[in-house]
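Reader: I am new to this structure and would like a close look at a single part of it. Please pick one helix, go through it, and then place it among the rest.

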Amino acid sequence: MSATLRFALFQIVIVVPFLAGTWLRPRMADSKKTSGRLIRFNLTLVEPFIALWSIWGLDLGRDMVFLPLSGLLLVLAGMAAGRVALAFLPLEGKSRATFLISSSIANHGFTMGAFICYLFLGERGLGLAMLFLSYFLLYVFTVIFPYARYVSSRKHGRAGILREYVLNLQNLPLGATLLALALHALGLPRPDIFFPIDLFMVVSISLYYFSMGTSFTFSGMFASLRENAWLAAIKFAAVPAGAAFCLSFTPIAPELKGVVLLQAFMPAAIYSVVASVLFDLDTGLATNLFAFNTLLFIFLVLPLLFLCRGAILSF
């Protein structure tokens, strides 16, 4: 499948389910519960197979360690830029923490970053994106959640954290990534059989954006315009510019640079909303930032990335 056809297909796969979700939301008995079930289904029965198959098929080298390190540096850069932006925003307390978290973590996973890498680089790009993403849960659980917990002054026991975050079926994509790396280490080759990776990606993306549609309301779309403008400047200008500058001095393969540069443009992550809900921060602001940022990416930034894909992949 050509890159152009993939782009057209996945734009449909994003937009149609999202609009369907927004249309069906008021007609559902419990849209929140339905959304949660769809996301859990995706995390436990779809994403793990995508991660396992795509990473298992990679030809891994020592330079691959550059990918998760780059992921960590990108989110730290976003947090630093968010801290600067807060000096110009009238936010206090939990709202400040919410904005800082949204500035830091980005949608590097299946719902955006990994999908874009697959769109531009095929199955190998998807596998590289999954390696890039391996920083994510460690960062969220050791930096983002403890910070949110500190701000909210809520106490959680160690056993609760272990049960809820580490021993959770929703973390199966990370487990699949580790399994694929273990199979590589054991020297076991991936079977030479057909795996419908395109179909699995279509299902995964459709479920996520349908779920997002069932949680979205247009009435609050244009709230917090100043905060949204600052976040867009961080996600789509400051972080990509910093990444491009650093990559220009980095002697690694162009495909690795391409993955990092594509991921540098990603919008806010859904985990910014999750952290806000779990630790009683400003959930309204978190949801608004996530929705506005994501829609701006889909309808403006993504088409521009597609037009400039040649320059990005040969950077």
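Author: A residue is called buried when its relative accessible area is under 20%, exposed when that area is over 50%, and partly exposed in between. The model discussed here is predicted. The part chosen is helix 11, which covers residues 225-247.

Length comes first. Helix 11 has 23 residues, and at 1.5 Å a residue these should span 33 Å. The C-alpha atoms at its two ends are 32 Å apart, which agrees with that expectation. Helix 11 does have a bend, of about 35°, located at Ile 234.

Next comes burial. Ile 234, the site of the bend, is itself among the buried residues of helix 11. Before Ile 234 in the numbering, the buried residues are Glu 227, Asn 228, Leu 231 and Ala 232. After Ile 234 come Lys 235, Phe 236, Val 239, Pro 240, Ala 243, Ala 244 and Leu 247, also buried. The cover over these buried residues includes helix 4 (66-85) and helix 5 (93-104). It also includes helix 12 (254-264) and helix 14 (283-307). Cys 246 has a relative accessible area of 48%, so this residue counts as partly exposed.

One of the covering helices, helix 14, contains Thr 294. Thr 294 has a relative accessibility of 1% and therefore counts as buried. With neighbours within four places in sequence left aside, Thr 294 is in contact with Met 112, Tyr 209, Met 212, Pro 267 and Ala 268.

Another pair of helices shows a crossing. The axes of helix 3 (residues 47-56) and helix 6 (residues 113-132) come within 8 Å and cross at roughly 110°. The two helices are therefore roughly perpendicular to each other. Where they meet, helix 3 supplies Ile 50, Ala 51, Trp 53, Ser 54 and Ile 55, and helix 6 supplies Glu 123, Leu 126, Gly 127, Met 130 and Leu 131. Cys 117 has 0% relative accessibility and so counts as buried. The structure holds 0 disulfides.

The protein as a whole has 15 helices and 0 strands. Of its 315 residues, 51% are buried. Among contacts with a separation of 6 or more, 88% join residues 24 or more positions apart.

Note on methods. Residues numbered from 1 in each chain as written. Predicted model: local features only at pLDDT ≥ 70, side-chain atom pairs only at ≥ 80, totals over all residues. Heavy atoms only, no water. Disulfide = S-S within 2.5 Å. Buried < 20%, exposed > 50% of the residue type's maximum accessible area, 1.4 Å probe, protein only. Helix = DSSP H or I, 4+ residues; strand = E, 2+ residues; numbered from the N terminus. Expected span 1.5 Å × (residues − 1). Bend = angle between axes of the 7 residues up to and from the residue. Contact = heavy atoms within 4.5 Å. Axes fitted to C-alpha atoms, helices over the stretch in contact; angles between N-to-C directions. Parallel < 35°, antiparallel > 145°, perpendicular 65-115°, else oblique.
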